[in-house]
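Load the model in your viewer and keep the sequence panel open. Each stop below gives a selection and then what to look for.

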Amino acid sequence: MNKKKGYKIEAFKHKVEVDPKYADRTWRIIEHAIHEIYNHNASGLSFEELYRNAYNMVLYKFGEKQYSGLITTVSWHLKEMSKSIEISQGNFFLEELNRKWEDHTKSMQMIRDVLMYMDRTFIPSTNKTPVYELGLNLWRDHIIHFPKIQTRLIDTLLELIFKERNGEVINRGLMRSITKMLTDLGFAVYQEDFEKPFLEVSSSFYSGESQQFIEVYNCSNYLKMAEKRLNEEMERVSLYLDPETEPKITAVVEKEMIENHMHRLVHMDNSGLITMLLDNMNEDLNRMFNLFRRVPNGLALIKDVMASYLKETGKKLVTDPDRLKDPVDFIQRLLDMREKFNGIIINSFNNDKSFQNALSSSFEYFINLNNRSPEFISLYVDDALRKGVKNGSEDDVDAVLDRVLVLFRYLEEKDVFEKYYKQHLAKRLLSGKSVSEEAERGMIVKLKTECGYQFTSKLEGMFTDMKTSHDTMQAFYESAYVSDMSDGPNISVQILTTGSWPTQQVASCNLPHEIVIICEKFKAFYLGTHNGRRLTFQTNMGTADLKAVFGKGQKHELNVSTYQMCVLLLFNSADKLSYKEIEMATEIPGPDLKRCLQSLACVRGKNVLRKDPMSREISEDDNFLFNDKFSSKLVKVKIGTIVAQKESEPEKMETRQRVEEDRKPQIEAAIVRVMKSRRVLDHNSIVTEVTNQLQARFLPNPVVIKKRIESLIEREFLERDKTDRRLYRYLA
């Protein structure tokens with residue numbers, strides 16, 4: 001098998017003799033060509049011949065002579081150019097500089113082509129600067145850093161920018177060419193010879209302008225000017241500055257026009273943040289938000305001032321005695337206030353989470369300053385579920401409930417709300433005064449979602465009782481107990497499970513004889529079918545329909561409360577009765593009797609009784625007469641009882657005591673749960689963990705927690721550690 005022989009190309013062994021004057025003669029040819037290129041006479045040159053000469057100079061080891069000659073020749077031309085640039089006047093200075101720059105770069109491109117072989121071999125091997133880059137460096141040293149040109153260039157550029165800031169029109173294309181020239185020379189040249197002085201001058205400019213603006217403009221107009229200046233600078237960068245300058249110049253504008261004055265702007269009289277919030281200046285608020293988010297602590301300042309205003313305004317609202325007179329209006333104002341600020345946060349503050357948190361914490365702060373807030377929220381829901389929304393559908397009622405549920409979330413004492421809600425729900429169910437059962441159940445579903453099954457289990461039990469009562473009444477009227485009472489009154493009884501309903505012990509009034517008979521029959525029927533149960537009639541919660549005949553034979557059907565029925569039936573046997581006589585005959589509690597008589601005798605259009613003397617208030621010396629002149633366009637007349645919408649002080653105290661009593665077992669259960677899982681724990685840790693468990697329903701008092709711990713120790717659920725008295729141990 002034949003092997004291929006390898007070949008190796010080697011240089012001539014003998015020395016090649018070169019004419020000693022060859023280098024000088026060849027360089028003069030190349031030097032002449034460079035002069036011709038700079039003098040715009042390149043068309044007459046043979047670039048092929050020039051390339052061969054430059055090639056041979058390197059080949060014959062004259063690369064150093066060629067490189068140094070290039071530097072000398074180009075430097076001479078640049079010095080000549082600098083004289084031309086220096087003598088140019090006014091606006092022609094930049095134009096001349098740009099024209100010479102374009103000439104120089106074109107010339108260097110041609111020279112680079114001629115010296116391409118040197119560029120690729122000699123320069124890399126000797127670590128010298130490539131030809132074109134060398135040309136840029138020489139331009140930098142002889143033109144840009146020539147003292148008279150350097151100072152004049154910076155001053156001219158800054159003066160043109162100053163003019164543009166003051167509304168004059170400048171040659172942006174020329175500016176773009178000059179700044180690009182500086183970046184082409186190296187970003188360090190752009191930074192040192194333009195950007196740095198530009199930023200310094202800009203800082204001084206905006207510092208003075210902002211001081212001038214803030215003295216004469218209101219907050220809104222100042223922010224518009226700041227926004228305008230910021231946009232102008234960003235546009236300036238996009239048109240003729242390097243992109244890396246944008247964050248630097250915007251930082252200057254932000255610091256001088258916003259950060260240095262933000263406190264004064266926010267607190268500016270009659271135009272600052274508070275005025276904008278009050279006047280719903282959403283566009284200005286959004287502008288403030290977008291500008292302030294650019295500076296450190298800008299948004300925090302807006303948020304803190306807004307939260308402070310919210311807390312102050314909310315505190316005034318919840319502690320104003322005049323506002324507390326109307327609970328529905330009180331809650332409506334809170335809802336309107338929250339809706340307004342929530343809208344501002346969504347539309348003007350980009351729905352920023354920190355602002356939403358500030359809104360929530362502010363409402364949580366002031367809504368819990370008034371311990372009647374749970375009661376008032378329940379009354380507002382009660383009003384919505386009784387009356388519905390004017391000219392609205394059930395969906396509108398649902399929307400109202402969703403809104404008020406937001407306030408409910410802010411409550412610390414949700415268990416107090418539960419107490420009142422149960423009372424108001426009971427009244428609605430028993431009187432049949434609800435928009436719809438669907439709306440009622442919808443509210444309970446919302447509460448269950450918020451607080452869990454335990455919160456609403458008794459409320460759901462109330463609906464179960466209503467259904468059971470309906471079935472029981474059907475069975476009663478089908479029984480033998482009512483077969484002989486065809487002429488007597490009809491009765492409809494709602495059987496309420498004691499644990500589920502907010503029933504309270506009240507003195508029973510004296511019912512009319514015919515009512516007592518049928519009540520006893522129902523009692524016998526119910527207890528006959530339900531062993532071991534006890535029935536107590538809650539006469540304060542019932543209603544009745546009465547047929548009445550007035551002076552001219554007018555017949556009306558009166559819908560009244562049980563107390564009102566007891567009073568009216570007395571006038572079947574008497575035309576005139578005193579307050580004392582009515583009180584003795586009915587044994588209705590005094591406050592209830594006064595409200596009852598007030599609604600029967602003092603409400604225009606419903607006054608089936610007359611009072612002597614006539615006044616709006618009921619006195620124990622008053623006399624009452626049957627009003628035979630009563631008339632109404634309606635056959636069915638509904639006479640409501642004048643009720644105290646809010647609780648009286650004794651009722652409020654009683655509710656509070658019931659709430660406190662209900663909390664004790666919940667706190668104890670939480671303590672046991674914690675100790676069962678931890679076995680040994682110190683007092684402060686127990687308080688912290690119990691508070692965390694219960695804060696969804698209420699905020700337990702540490703003093704009460706301590707008392708419940710003592711109670712559990714007495715009942716041997718816990719014991720104190722024998723060596724460290726600060727620790728508690730769980731006893732299985």
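Start by selecting strands E7 (residues 680-682) and E9: they run antiparallel and are joined by three bridges. Strands here are DSSP runs of E with at least two residues, helices are runs of H or I with at least four, and both are numbered from the N terminus. Two strands count as paired if DSSP finds at least two bridges between them. This is a predicted model, in which local features need pLDDT of at least 70 and side-chain atom pairs count only at pLDDT 80 or more, while totals for chains, interfaces and linings use all residues. Residues are numbered from 1 along each chain as its sequence is written, and side-chain values use heavy atoms, with hydrogens and water left out.

Add strand E8 (residues 718-720), which is also antiparallel to E9 and joined to E9 by three bridges. The connection from E8 to E9 is a hairpin of six residues. Now pick Tyr728 in E9: Leu681 stands opposite Tyr728, and so does Arg720.

Show the side chains of E9 (residues 727-730). Which of them are buried? Tyr728 and Tyr730 point to one face and are buried, whereas Leu727 and Arg729 point to the other face and are not. Buried means under 20% relative accessible area, exposed means over 50%, and partly exposed lies in between (1.4 Å probe, protein chains only). In a regular strand the side chains alternate between the two faces of the sheet.

Stay on Arg720 and add Glu710. The two form a salt bridge, with the closest N and O atoms 2.7 Å apart. The pair links strand E8, which holds Arg720, to helix H29 (residues 702-714), which holds Glu710, across 10 residues of sequence. Arg720 counts as partly exposed because its relative accessibility is 24%; Glu710, at 26%, is partly exposed too. A salt bridge is a side-chain nitrogen of Lys or Arg within 4 Å of a carboxyl oxygen of Asp or Glu.

A search of the whole structure finds 49 salt bridges. For another one, select Lys446 and Asp402, whose side chains meet at 2.8 Å, N to O. Lys446 sits in helix H21 (residues 437-451) and Asp402 in helix H19 (residues 394-410), 44 residues apart. Lys446 is buried because its relative accessible area is 14%, while Asp402, at 35%, is partly exposed.

Next select Glu620 and Lys580, which meet in a salt bridge of 3.1 Å, N to O. Glu620 lies in the loop between strand E4 (609-612) and strand E5 (623-626), and Lys580 in helix H25 (residues 579-586), 40 residues away. Both are partly exposed: Glu620 at 36% relative accessibility, and Lys580 at 41%.

Move to Val435, in the loop between helix H20 (414-431) and H21. Val435 is partly exposed, with a relative accessible area of 31%. What does Val435 touch, not counting residues up to four places away in sequence? Its contacts (heavy atoms within 4.5 Å) are Ala384, Leu385, Arg386, Lys387 and Gly388. Measure C-alpha to C-alpha from Val435 to Ser393: the distance is 9.9 Å, for a sequence separation of 42 residues.

For the last stop, select Tyr55 in helix H2 (residues 47-59). Tyr55 counts as partly exposed, at 30% relative accessibility.
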